[in-house]
Amino acid sequence: MNPQTIVTSIEIQASPEKIWNIFTDFSKFPSWNPFLKRILGKPVQDGTIIVFDYYFTGVYLPTKALIYELTNSKSISWKGAFPLFFKYMFAGDHRFTFEKITPGRTKFSHTAILTGIMPNLFSSHIQTAVRNSHIKMNQKLKELSEDNF
C-alpha cells in the first residue's frame, strides 16, 4: 500500500513564536481549527495525545498519537493510529513547521503521511476534502496570527 501524502503551507505575517503559541494552545482548537477539532493532552516531547482529526464532513477520528519531535517555536510532529491499536487500518504522521522567513514573517507548513487500508481506499477523498481541511486550518491560523488574538 502506498502512503497518501498531503503537503500544505502558508506565509503568515507574524513571528514563529506568536504562531506557535496559538497552534500549541490545544484547548482552543474547537473554536477555530476545522481539521484538528480537538486534542486531549499537552504539547510536550514524548507526550501522548488524543487527536480528533477530520476524515469526513462531521466525522473526526480519535487517534492516539505520540509527539516524537518538538522544538519550541520551530516544529512539532506526532504519529498515531486509528482505531487505537489498529495501525494497519489507518495511521498518520503529522509534521508542522514554523520557518522564520524575515522578522515578523513565517512559513507554516504541514506534512501529513497517511498509511494503512483506509487511506488507500479513500485516496481521492484524502487528496480533495482532507487536503482542503488542511488548507482551511492554515488559513484560520493565519487569520488568528495576523490579528491581535
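**Close-up 1. Glu143 and Lys140 pair up in a salt bridge, with 3.7 Å between their closest N and O atoms.** This is a predicted model. The two partners both belong to helix H4, where a spacing of 3 residues puts about one helical turn between them. Glu143 is partly exposed at 37% relative accessibility, and Lys140 is partly exposed too, at 32%.

**Close-up 2. Helix H4 also hosts a salt bridge between Glu146 and Lys142.** Here the closest N and O atoms come to 3.0 Å. The residues sit 4 apart in H4, again about one helical turn. How accessible is Lys142, buried or exposed? Lys142 has 19% relative accessibility, so with the buried class running to anything under 20%, it counts as buried. Glu146, at 34%, is partly exposed.

**Close-up 3. Asp25 and Lys28 meet through their side chains in a salt bridge of 3.8 Å, N to O.** Asp25 is partly exposed at 24% relative accessibility, and Lys28 is partly exposed at 39%. The model's count of salt bridges comes to 5.

**Close-up 4. Phe23 and Phe98 make an edge-to-face pair, one of 11 aromatic pairs in the model.** Their ring centres are 5.9 Å apart and the planes meet at 65°. Phe23 is in helix H1 (residues 16-23) and Phe98 in strand E6 (residues 90-102), so this contact ties together parts 75 residues apart in sequence. Both rings are tucked away: Phe23 is buried at 0% relative accessibility, and Phe98 is buried at 4%.

**Close-up 5. Phe23 also pairs with Phe108, this time in a tilted arrangement.** The centres lie 5.5 Å apart, with 50° between the planes. Phe108 belongs to strand E7 (residues 105-115), so its pairing with Phe23 of H1 links parts 85 residues apart in sequence. Zoom out and you find both rings in one aromatic cluster, along with Trp20, Phe26, Phe29, Trp32, Trp78, Phe96 and Phe98.

**Close-up 6. Helix H1 has buried residues at Pro16, Ile19, Trp20, Ile22 and Phe23.** Around the axis they cover an arc of only 165°, which places them on the same side of H1.

**Close-up 7. Lys79 has its charged end over the ring of Tyr68.** That end is 5.1 Å from the ring centre.

**Close-up 8. Met1, Tyr88, Ile117, Leu121 and Phe122 make a nonpolar surface patch of about 560 Å².** Phe122 sits in the loop between helix H3 (117-121) and helix H4 (123-146). Its relative accessible area is 32%, so Phe122 counts as partly exposed.

Methods
Residues numbered from 1 in each chain as written. Predicted model: local features only at pLDDT ≥ 70, side-chain atom pairs only at ≥ 80, totals over all residues. Heavy atoms only, no water. Phe/Tyr/Trp six-rings, centres within 6.5 Å; stacked < 30°, edge-to-face > 60°. Helix = DSSP H or I, 4+ residues; strand = E, 2+ residues; numbered from the N terminus. Buried < 20%, exposed > 50% of the residue type's maximum accessible area, 1.4 Å probe, protein only. Lys NZ or Arg CZ within 6 Å of the ring centre and 35° of its normal. Arc of directions from axis to C-beta. Patch = residues over 30% accessible without salt bridge, like charges linked within 9 Å, V, L, I, M, F, W, Y side chains within 5 Å. Areas by Shrake-Rupley, 256 points an atom, 1.4 Å probe, with all protein chains shown as cover. Salt bridge = Lys/Arg side-chain N within 4 Å of Asp/Glu carboxyl O.
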